[in-house]
Amino acid sequence: MEYRAGLIARIEAAEDDFRQSLLRLCGPDLLSVDLTMTQLRALFVLGASGALSAHDLADALGVGPTTLTGIVDRLQARGLVHRIPDGHDRRVRRVDLTDAGRTLLGDVDEVRRAYQRRMFARLDDDVLSGMATAVEALARVCAEEVAAERGAPVRGAAGGDPDHPLARSAR
């Protein structure tokens, strides 16, 4: 068990170093988006989950309804989200990304991916193969956790849930 704890500590330290390097190297590009961190978090949550009710989005962000209204109003004014009727309850309005919101998230993700590709290019094939295996295993475990949380059976990388972010990103 001590060996395993040491491996986990090494992984955590390496992840911290990687994140810090990422922010130093591409932080200006990532942070040039003129949004507050809470607004950016709202976009990330909607990008991962799809349209959410205001209540669910507020819960995900850890803010109250009044605060969320301001966040959504400002994002909507910038054309990044819109409110849409709920298909099951006419009283509920869901918040979803617009095409511009999806494009913004794609641009942010592309900055991160470009940095990663530059770093990956410096690694040999054996290291990349090991990383691919490890990340695929981690994705499976995460999908299992999500499925268990929802009480759903696990099938494939996205746990069999077509609404899971891993399933949507594969489309």
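Guide: Two strands pair if DSSP finds at least two bridges between them, and in this predicted model (local features need pLDDT of at least 70, side-chain atom pairs 80 or more, while totals for chains, interfaces and linings use all residues) strand β2, residues 81-85, pairs with β3 in the antiparallel sense over five bridges. Residues are numbered from 1 along each chain as its sequence is written, and side-chain values use heavy atoms, without hydrogens or water.

Visitor: Which residues stand opposite each other in β2 and β3?

Guide: Val81 stands opposite Leu97 of β3, and Pro85 stands opposite Arg93 of β3; strands are DSSP runs of E with at least two residues, helices runs of H or I with at least four, numbered from the N terminus.

Visitor: And what does β1 pair with?

Guide: Strand β1, residues 52-53, pairs with β3, residues 93-97, in the antiparallel sense over two bridges, and Leu52 has Val95 as its bridge partner in β3.

Visitor: So what's the strand order in the sheet?

Guide: The three strands form an open sheet in the order β1-β3-β2, with antiparallel pairing. Because β1 and β2 stand at the edges with a single partner strand each, one side of each has no neighbour in the sheet.

Visitor: Switching to helices, how do α2 and α5 pack?

Guide: Helix α2, residues 37-49, packs with helix α5, residues 99-120, at an angle of about 100°, and their axes are 10 Å apart (axes are lines fitted to C-alpha atoms, for helices over the stretch in contact, with angles from 0 to 180 degrees between N-to-C directions).

Visitor: Which residues make that contact?

Guide: Leu43, Phe44 and Gly47 of α2 meet Leu104, Leu105 and Val108 of α5, where contact means heavy atoms within 4.5 Å.
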